[in-house]
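Work through the exercises below with the structure in view. Try each task before you read its solution.

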Amino acid sequence: MLEIDNLNTTIGDTEILKGLSLSVNAGEVHAIMGPNGSGKSTLSQVIAGHDDYIVTSGSVYYNGKNLLELAPEERAREGVFLGFQYPVEIPGVNNAYLLKAAINAKRRHKGLNEVDAFEFLQLAREKMEALDMDPSFLNRGVNEGFSGGEKKRNEIFQMTMLEPHLAILDETDSGLDIDALQAVAKGINAMRNPKRAIVVITHYQRLLDYVEPDFVHVLSEGRIVRSGDKTLARQLEEKGYDWIRGMADA
Amino acid sequence: MLEGSIKPMSTEPKYIESLVNRRYEHGFITDIDSDNLPPGLNEDIVRAISKKKNEPKFMLEWRLKAYRHWLTMQEPTWAHVHYPKIDYQSISYFSAPKSDEERPKSLDEVDPKLLETYEKLGIPLHEHAKLAGVAVDAVFDSVSVATTFKEKLSEAGVIFCPFSEAVTNHPELVRKYLGSVVPYRDNFFATLNSAVFSDGSFVYIPKGVRCPMELSTYFRINAANTGQFERTLIIADEGSHVSYLEGCTAPMRDENQLHAAVVELIALKDAEIKYSTVQNWYPGDENGIGGIYNFVTKRGDCRGNNSKISWTQVETGSAITWKYPSCVLRGENSVGEFYSVAVVNNMQQADTGTKMIHIGRNTRSTIVSKGISVGHAQNVYRGLVKVMPQAKDVRNHTQCDSLLIGKDCGAHTFPYMEVKNPTAKVEHEATTSKISENQLFYCRQRGISEEDAVNMIVNGFCKDVFKQLPMEFAVEAQNLLNVSLEGAVG
């Protein structure tokens, strides 16, 4: 589903990704781990299409399409979802309104009928219950006054509502307490599907105890230096990132 | 063709980054024979206007007093707006469509070209007015053309007619109330208006009557160099209630056009007036050339105890907007409200706000002002909350928010608070914010286009004002906002 080949990107004058390659197929759960500054967030932003990041060489193909040619909203409508590391607040626009607009934008793109308010609310209530969320938050401004944990739960909630084909979750687990973590993990696991690929970007092993990945990749200094299965994550936890840096130099 | 023209606003040698390709929807000129007076202003012109309207003596005398006083006045320059000097002698002060000679008694008698104009402007006087139950008094180039629903309103005892008609048919009401809220000496533009006002709306709601429908009027400036000087007078007698909608459109022109209207509202004991405006005058092109100058005096007098006057406006047009819809809170327990969304784009300028003058005891005022600046535009909020010494237990709350879109626009706030009674509670809150790139990216990553994202965020910003608008207007207002913001985020 996702083919990244030898990707190089810069932001301003700084090179961040230096020859990153990655292959993700439908039905798979990948974890990407790495130290700060390795380029984890850059990767997710580049896939989402943030124009601060310039791709200097390499390619990104999504279901055979050149993803880099599509605008961010087009990528989203094609089924790419990014769970932001720092979800932004949008006061005055309530969560329900944004989500309904997003769902309908996607449906229009696919030539489907739009959902009406009633359908939307029913669906939303269902998904919120599964995530242990208070339904009143639908009326609140997007992420307005949300705690870190609530923001991350909101990202997962949006994911469950939008049903993407490719979900990239950028440090969705950071700042969560055990209860929130378990709720989030539950949400992610419920999204597992032979037609869907999930890429979890994380610092810590913790989330991966609940969301078992099929593949683990280690990102260091702008590229993937090692790939393996879930045991790799455990090794990393034990040996630390210096172990990886050693590998990168090799 | 008329000689002379107001010189267009000079462009600054700055490169304007944000591209605005908005084609002003209502940009066209009706090809109708207008009965214009030659340009220029002198006593003869004032007399001619009065004569054309068959006005009684008292009206002519009032006009002349105003005109003579105007000659002694200086044009004010304190506002935070810049415009080339207006040549008052190059404006024609009267323009009417030919079919004015015999007033049409029904829509069937109206010049079909005019009706076509209204269709284009989205004012189908026929079905829409009937379905929506809105009585439309269409003012076309200084003369009111059609008034519908007169019968229905007269059943309720409501008088809703062109101002010129009121002068002839209800002179006692006009004499009693005209100039009692905005005296003819009030300010330069109001004085000019008092001398040369063309037409407008007159509304009188009798005691205890709740006006059965929303009253509405449309304005339109057509002929070049024609100053539009509307005069509107609304009187809500004791215990009555009325909601009035004012919506404007104007065609695309190259010369600037002066619009100096005066609106007076009087609410007697226990009465309530709700006055809503959606203003869409031609704002000038992206270089600031050719837009309307909207220098308006609007004031409401809460004359009776427990009365209430509420101003709601959505202003997206005009090259320059200079207006302060205000409330004089005379009656005890009276309430004044001001809800405003003002959008300026490209080279538009706005210096607007409100004045709440608290004279009576236990009076309250609420001000919610939302300013949106885009492009190189400058938006100024100027507000006065004045509490007189005898006004005990006054409460005011002001919320003044500015939204800046882009790097080159500006928002300025000049709040004035003159509180002369120690029991008053006056609160002022102000915020300034931007639409951040991160907010836009977030929306786009959810599949929402950038334009829709801007609209969503701006609508969220304006929510508190929009919810004050009557339903009919709220949708128009939102669409208007969306159109004004096209190309805002470059």
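The exercises that follow use a predicted model.

**Exercise 1. The sheet of chain A**

Task: Work out the strand order of the open six-stranded sheet in chain A, and find its edges.

Solution:
- Step 1. Read across the sheet. The order is E6-E9-E10-E3-E11-E12 in chain A, and the pairing is mixed.
- Step 2. Look for strands that pair on one side only. These edge strands are E6 (80–83) and E12 of chain A.
- Step 3. Check the twist. On average, neighbouring strands are turned by 20 degrees against each other, with direction ignored.
- Step 4. Pick out one pair. Strand E3 (residues 29–33) of chain A runs parallel to E11(A), and four bridges join them.
- Step 5. Find a facing residue. A:His30 stands opposite A:Phe215 in E11(A).

**Exercise 2. Two residues with positive phi**

Task: Place A:Glu221 in its loop and B:Asn54 in its loop. Then decide for each whether it is buried, partly exposed or exposed.

Solution:
- Step 1. Start with the backbone. A:Glu221 is not a glycine, yet its phi is positive, at about 50 degrees.
- Step 2. Locate A:Glu221. Its loop joins strand E11 (215–220) to strand E12 (223–228) of chain A.
- Step 3. Count its neighbours. A:Glu221 has 18 other C-beta atoms within 10 Å, so it is partly exposed. The cut-offs are 20 or more for buried and 12 or fewer for exposed.
- Step 4. Turn to chain B. B:Asn54, also not a glycine, has a positive phi of about 55 degrees.
- Step 5. Locate B:Asn54. It sits in the loop between helix H1 (43–52) and helix H2 (57–70) of chain B.
- Step 6. Count again. With 10 other C-beta atoms within 10 Å, B:Asn54 is exposed.

**Exercise 3. The helices on either side of B:Asn54**

Task: Describe how H1(B) and H2(B) cross.

Solution:
- Step 1. Take the geometry. The two axes come within 10 Å and cross at roughly 155 degrees.
- Step 2. Classify the angle. Over 145 degrees counts as roughly antiparallel, so H1(B) and H2(B) are roughly antiparallel.
- Step 3. Add the hand. The crossing of H1(B) and H2(B) is right-handed.
- Step 4. List the contact. H1(B) brings B:Glu43, B:Val46, B:Arg47 and B:Ser50, while H2(B) brings B:Met59, B:Leu60, B:Arg63, B:Leu64 and B:Tyr67.
- Step 5. Sort the residues of this contact by class. Five are nonpolar, one is polar and three are charged.

**Exercise 4. A second helix pair in chain B**

Task: Do the same for H9 (residues 437–445) and H10 (residues 450–466) of chain B.

Solution:
- Step 1. Take the geometry. H9(B) and H10(B) pack at about 120 degrees, with axes 9 Å apart.
- Step 2. Classify the angle. This makes H9(B) oblique to H10(B).
- Step 3. Add the hand. H9(B) and H10(B) cross in a right-handed way.
- Step 4. List the contact. B:Gln439, B:Leu440, B:Cys443 and B:Arg444 of H9(B) meet B:Glu450, B:Ala453, B:Met456 and B:Ile457 of H10(B).
- Step 5. Sort by class. The contact of H9(B) with H10(B) holds five nonpolar, one polar and two charged residues.

**Exercise 5. Where the chains meet**

Task: Describe the side of chain A that touches chain B.

Solution:
- Step 1. Count the residues. Chain A supplies 19 to the contact and chain B supplies 18.
- Step 2. Name the elements of chain A that give two or more residues. They are helix H2 (72–77), strand E7 (90–94) and helix H3 (95–109).
- Step 3. Find the top contributor on this side. H3(A) gives the most, with five residues.
- Step 4. Sort the chain A side by class. It has 13 nonpolar, three polar and three charged residues.

Definitions and conventions:
Residues are numbered from 1 along each chain as its sequence is written. Chains are lettered from A and ligands numbered from 1 in the order in which they are written. This is a predicted model: local features need pLDDT of at least 70, side-chain atom pairs count only at pLDDT 80 or more; totals for chains, interfaces and linings use all residues. Axes are lines fitted to C-alpha atoms, for helices over the stretch in contact, and angles run from 0 to 180 degrees between N-to-C directions. Angles under 35 degrees count as roughly parallel, over 145 as roughly antiparallel, 65 to 115 as roughly perpendicular and the rest as oblique. A crossing is left-handed if the near helix is turned anticlockwise from the far one by less than a right angle, and right-handed if clockwise. Two residues are in contact if their C-beta atoms, placed from the backbone, lie within 7 Å. Ala, Val, Leu, Ile, Met, Phe, Trp, Tyr, Cys and Pro count as nonpolar, Asp, Glu, Lys and Arg as charged, and the others, Gly among them, as polar. Two strands pair if DSSP finds at least two bridges between them.
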